Amino acid sequence: MTRRAVGRVIAGFLLLAAPAMAAESPAELISGFRLKHGEVRVVRDATLDRIALEQARAMAAKDHLSHEALGPFTGRIAPARAGRAAENIAYGYESFEKTLGQWIDSSGHRKNLLLHNASRVGVASSKDASGKRTYWAMVIAGNYEPKPKAKETGSLLLL
């Protein structure tokens, strides 16, 4: 085999292996933990990501860890239209993996990670003004209200 052919084989192997070497997303990490404990997988949700980001930014702006940084959770979660939801917050860890590990080791946070019937999750982080402290927020939710069914009236569909 020529050097060029060997190079192509190695390059092909690296391209095939790259996705496997990539870090898992927060939703995949949370899902892996949930699946090991008899719960279902969760997927990222744009509304929950936005709610988590607003919470992380508010805590970072105030440099204060608090579920109340933007007001009561019930009001903040309302746009998601979920029947059940929970929130985990943290600060100090640079990576989501370390933050998740801290939540798993805490009984209350662990309970939220294992929220029964949860199907969606949002995760975000934000740094304080000094850039030295990272604040994290995770919102997990399930039991979503069903979308209204369309009714056919002539040629119009009403939702």
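Which residues of α2 are buried? In this predicted model, they are P26, A27, L29, I30, S31, F33 and R34. These buried residues pack against β1, α5 (96-104), α6 (107-113), β3 and β4. A general rule of helices helps in reading such a list. An α-helix has 3.6 residues a turn, so residues three or four places apart point the same way.

**Overall layout**

The chain has 159 residues, and 35% of them are buried. Its secondary structure comes to 6 helices and 6 strands. From the N terminus, the elements run α-α-β-α-α-β-α-α-β-β-β-β. Contacts reach far along the sequence. Among those between residues at least 6 apart, 66% join residues at least 24 apart.

**Confidence**

The mean pLDDT of the chain is 84, and 76% of the residues score at least 70. Confidence peaks in β3, at a mean of 98. The lowest value belongs to strand β6 (residues 156-158), at a mean of 37. Residues 3-22 have pLDDT below 50, and this stretch makes 3 contacts beyond near neighbours in sequence. Residues 152-159 also fall below 50. That second stretch has 10 contacts beyond near neighbours in sequence. Where pLDDT is low, the predicted coordinates should not be read in detail.

**The sheet**

An open sheet is built from 4 strands, in the order β1-β3-β4-β2, with mixed pairing. β1 (43-44) and β2 (82-91) are the edge strands. Each has a single partner strand, so one side of each lacks a neighbour in the sheet. Helix α3 (residues 46-62) packs on this sheet and touches β1, β2, β3 and β4. The direction of α3 makes about 30 degrees with that of β3.

β3 (residues 118-127) and β4 (residues 134-144) pair in the antiparallel sense over 9 bridges. Two of the bridge partners can be named. K127 is bridged to T134 in β4, and V121 to I140 in β4. The hairpin of β3 and β4 has 6 residues between the strands. Within that hairpin, G131 takes a positive phi near 80 degrees.

β2 and β4 are antiparallel as well, with 9 bridges. Here I89 has A137 of β4 as its bridge partner. How many of the 11 residues of β4 are buried? The count is 10, so β4 is largely enclosed by the rest of the structure.

**R34, an arginine in the interior**

R34 belongs to helix α2 (residues 26-36). Is R34 buried or exposed? R34 counts as buried, because its relative accessibility is 0% and the cut-off for buried is under 20%. Beyond its neighbours within four places in sequence, R34 contacts E39, V40, V42, L113, L114, L115, A118 and I140. One of these contacts, I140, is the bridge partner of V121 in β4.

**Positive phi angles**

Several residues take a positive phi. G38 does so just after α2. G131 does so in the hairpin of β3 and β4. N117 and N143 are not glycines. The table sets the four out by place and angle.

| Residue | Place | Phi |
|---|---|---|
| G38 | just after α2 | about 80 degrees |
| N117 | loop between α6 and β3 | about 65 degrees |
| G131 | hairpin of β3 and β4 | near 80 degrees |
| N143 | strand β4 | about 55 degrees |

How accessible are the two asparagines? N117 is partly exposed, with a relative accessible area of 38%. N143 is partly exposed too, at 37% relative accessibility.

**Rings and charge**

How many aromatic pairs are there? The count comes to 3. Ring pairs link F96, W103 and W136 into a cluster. Another ring, that of Y144, has a charge over it. The charged end of R120 sits 3.7 Å from the centre of the Y144 ring.

Terms used
Residues numbered from 1 in each chain as written. Predicted model: local features only at pLDDT ≥ 70, side-chain atom pairs only at ≥ 80, totals over all residues. Heavy atoms only, no water. Pairing = 2+ DSSP bridges. Helix = DSSP H or I, 4+ residues; strand = E, 2+ residues; numbered from the N terminus. Contact = heavy atoms within 4.5 Å. Axes fitted to C-alpha atoms, helices over the stretch in contact; angles between N-to-C directions. Buried < 20%, exposed > 50% of the residue type's maximum accessible area, 1.4 Å probe, protein only. Phe/Tyr/Trp six-rings, centres within 6.5 Å; stacked < 30°, edge-to-face > 60°. Lys NZ or Arg CZ within 6 Å of the ring centre and 35° of its normal. pLDDT = per-residue confidence, 0-100.
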